[in-house]
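Dear colleague,

Please find below the structure for your files, together with its sequence. A short account of what was found in it follows.

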Amino acid sequence: MIYLKTREEIELCRAAALTVSRTLGLIAREIKEGVQLSYLDKIAEEYIRDNGGLPAFKGYSGFPATLCISMNQAVVHGIPNNTVIKDGDLVSVDCGVKLNGYHGDHAYTFCIGNVAPDVLKLVEVTKESLMLGIEACKINGHIGDISFAVQNHAEKNGYGVVRELVGHGLGKKLHEKPDVPNFGNRGSGKKIKNGMVLAIEPMINMGTKNVKQLNDGWTIVTSDGKPSAHFEHNVAVIDGKTEILSTFEYVEEALQAVHR
Ligand code: MG
Ligand code: MG
């Protein structure tokens, strides 16, 4: 069942989403060559708890950490461990927060140092796919409109769209109905209504769309070992309009400061 939210509940979702946005902003300041993934996880958890939230991924189906950090050929659900970030790495950071009973869940893919031009393009196109998916999220349209917009842009650029993992509704639960696939046809799926809160999250592979799970029981990687990128925003439909609840503003500010 799709649980439609009241205006008040959407504001609680927004507060949780913005806590994730600020956490990603903190990560953007700290992420660089030589940094251990477990350090990023530690500062994220501290920041979230200091701001009255709970790390929503930690303990979710037994996931051991606050962040999902997925590098290079890893698509999503990577476990932050003692791996050290190197020049040229592609690092997707996904974060979930529960604040005052409601969830935020969004993700950014960071390019560390000298990333190959074809990988930079993958990242750009994945981010564009997210924004096109959001533009296609319109009241009285269908979830498939979002799916089509994401898939069309990614495939036009020759990339593979992951099928096994999809976006989702969120609110009191981290994952709610409806599913928001990154592939599909216009006009298919559930109708988009006021009060829907959705996590739209393209997972786009440079090569094959096929993925597999590592023996750690979590990390999803591309079957061909080629890189994958992932961006995620939370949106809500309020009074007939789609609003983005999360923001990359904090990340982008931090990245600009680092590169100045
Ligand atoms: Mg999500
Ligand atoms: Mg996420």
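This is a predicted model, and it holds five aromatic pairs. One of them joins Phe63 and Trp218: the ring centres are 5.0 Å apart and the planes stand at 85°, and because an angle over 60 degrees counts as edge-to-face, this pair is classed as edge-to-face. The two residues come from distant parts of the chain, 155 residues apart. Phe63 belongs to the loop between β1 (54–55) and β2 (67–71), whereas Trp218 belongs to the loop between β11 (211–213) and β12 (220–222). Phe63 has a relative accessible area of 3%, so it is buried.

A second pair is formed by Tyr108 and Phe231, whose ring centres are likewise 5.0 Å apart; their planes meet at 80°, so this pair is edge-to-face. Tyr108 is part of strand β5 (residues 102–111) and Phe231 is part of the loop between β13 (228–230) and β14 (233–238), so the contact ties together parts of the chain that are 123 residues apart in sequence. Both partners are buried: Tyr108 has a relative accessibility of 6%, and Phe231 has a relative accessible area of 1%. Tyr108 and Phe231 also belong to one aromatic cluster with Phe110 and Phe248.

Another ring has a charged partner. The charged end of Arg163 sits over the ring of Phe183, at 4.8 Å from the ring centre.

The metal site may be of particular interest to you. Which protein residues are the donors of the magnesium ion (ligand 1)? They are Asp105 (OD), His168 (NE2), Glu201 (OE) and Glu232 (OE), which lie 2.1 to 2.2 Å from the ion. Along the chain, these donors follow the spacing D-x62-H-x32-E-x30-E. Asp105 has a further role in the site, as it bridges the magnesium ion (ligand 1) and the magnesium ion (ligand 2). The two ions lie 3.1 Å apart.

Asp105 is located in strand β5 and His168 in strand β7 (residues 167–169), so this pair ties together parts that are 63 residues apart in sequence. Are these two donors buried or exposed? Asp105 has a relative accessibility of 2% and His168 one of 3%; since buried means under 20%, Asp105 counts as buried, and His168 counts as buried too.

Strand β5 therefore appears in both parts of this account, with Tyr108 in the aromatic pair and Asp105 at the magnesium ions.

With kind regards

Notes: Residues numbered from 1 in each chain as written. Chains lettered and ligands numbered in written order. Predicted model: local features only at pLDDT ≥ 70, side-chain atom pairs only at ≥ 80, totals over all residues. Heavy atoms only, no water. Phe/Tyr/Trp six-rings, centres within 6.5 Å; stacked < 30°, edge-to-face > 60°. Helix = DSSP H or I, 4+ residues; strand = E, 2+ residues; numbered from the N terminus. Buried < 20%, exposed > 50% of the residue type's maximum accessible area, 1.4 Å probe, protein only. Lys NZ or Arg CZ within 6 Å of the ring centre and 35° of its normal. Donors = N, O, S within 2.8 Å, 3.2 Å for Na, K, Ca; no water.
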